[in-house]
Amino acid sequence: MAPTSLLLSFFILFSHLSSASSSGEIENTPLTITLPLTPTFTSKPSMDPMVFLQELASASKFRTHLLKYGKTSPLVKSPLYPIDYGGHTISLSFGNPPQKLSYLVDTGSDVVWAPCTTHYKCINCSFSAKEVPFFKPQLSTSLKTLNCKNPRCTSECPRCKQGNPKNCSQVCPFTVQYGTGSEFGYYLLEDLHFPEKTFHNFLVGCATVALRETSTFAMGGFGRSMFSLPVQMGVKKFAYCLKSHYFDNTRNSSNLIFDYRDGDTKGLSYTPFLKNPPDYPIYYYLVVKNLMLGNKILPISSKYLAPGSNGSGGLMIDSGFAYSYMAGPVFKIVTNELIKQMDKYKRSRELEELSGFTPCYNFTGHKIEIPDLIYHFTGGATMVVPGNRYFRFIPQIGFGCFPVTTDAAKTLEFTPGPSIILGNYMQVNHYIEFDLKNDRLGFRQQTC
């Protein structure tokens, strides 16, 4: 981790800024706010497709490990690669005058933050700190720091515990950990500008130090907490429709919609969000009634499909990463049936070993037919994921793999956290709505 003295030096640097009020302001609220949603660059055009697939598998496993085990996770070592893995960004403008940066949309985290100093330190990162776009707090007339005695500061402030109230005047620190790295800094209150409205006293993290990061983007947390972008904006729901991204550096955007209206959206099927267990407070949990491959109902135990009181089991929906995850027993049942239904194609054991994904096939000279993967949720909602949306194809060599990670090699049958993590690759060409007011997810198939 970054040395404490390094963090404190940045805190002191900005401590002269005025302290903030304890709540945000929302006024003259529009019905909706719509932003372009843009796929991130995901690979270098010259990159070997086999190497790229291997790196995707490694990064996917690392993020999955953090989502499932969180802060209690032991240290996991993983290679770092200078590419982004199928995320999506929106542009947000903070400060006066407004400063625009690109923020990754991540429903698996809850803090909005941006690098905010020319002295930004990046330790063991895959890029140079000089490449990072950053927010310039010294140029903003509306910026305020958040101190430890402010009720909006929920971070650990060690000096406050020493019993001297004067120690609580220090800035409120923040630390966030992701599957690929960590960020350290402190909280600010700033103006957030949209064409339709300005939000005052918006809580945003000022990142001064990064550890093992792979992306130069700022982060927009959309998880279930008071810190997240949609909750601070006071929206009743938000929705997106993700365009197909084949990791080819295309920049065609779709839309992210912040919606202040209540009620059903036409054509959507709904399934309820589950109450979050204490160890996983920010995730969007769903109950799967059954899972089908083609017309076959898979014999998966309900203990994996419905989350227990400790958060083990069920499905988490995650926009922040491309590929999905299945717990060992679920993965085994799904892949065994997949192998049966695709026995006319030749398995590529070599590609499986190289990529870390399984099964993989050689489709050269064949018409590709892959069975649909169908999720039946509580409430009657059904999500159909076509084969070309959950298989990763490498057209340069005529091969393809089932790009879902697992912990099948572990000895524990039932691991902590969700049994299924639905990544954004399976969400493509679905309109997906997170109804925060009514605690439910709505979706329908459509071309985005």
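**How the strands of this predicted model are paired**

In this predicted model, Ile90 of strand S2 has Tyr103 in strand S3 as its bridge partner.

Q: How do you know that S2 and S3 count as paired strands?
A: Two strands are said to pair if at least two bridges are found between them, and 6 bridges join S2 to strand S3 (residues 99–106), with the two running antiparallel; therefore S2 and S3 meet the definition of a pair. Between these strands lies a hairpin with 4 residues, where Gly95 takes a positive phi near 90°.

Q: What makes S1 and S8 partners of S2 as well?
A: Strand S1 (residues 32–39) is joined to S2 by 2 bridges, and Pro39 stands opposite His88 there. Strand S8 (residues 182–193) is likewise joined to S2 by 2 bridges, with Phe94 facing its bridge partner Leu192. Because the definition asks for at least two bridges, S1 and S8 each qualify, and each runs antiparallel to S2.

Q: Why is strand S2 called largely enclosed?
A: A residue is buried if its relative accessible area is under 20%, and 6 of the 7 residues of S2 (residues 88–94) are buried, so the strand is largely enclosed by the rest of the structure.

Q: What makes S16 and S22 edge strands in the open sheet of 4 strands?
A: The order of this antiparallel sheet is S16-S15-S21-S22. Strand S16 (296–297) and strand S22 (382–385) each have a single partner strand, so one side of each is left without a neighbour in the sheet. Helix H5 (residues 328–341) packs on this sheet, touching S15 and S16.

Definitions and conventions
Residues are numbered from 1 along each chain as its sequence is written. This is a predicted model: local features need pLDDT of at least 70, side-chain atom pairs count only at pLDDT 80 or more; totals for chains, interfaces and linings use all residues. Side-chain values use heavy atoms; hydrogens and water are left out. Contact means heavy atoms within 4.5 Å. Axes are lines fitted to C-alpha atoms, for helices over the stretch in contact, and angles run from 0 to 180 degrees between N-to-C directions. Buried means under 20% relative accessible area, exposed over 50%, partly exposed in between (1.4 Å probe, protein chains only).
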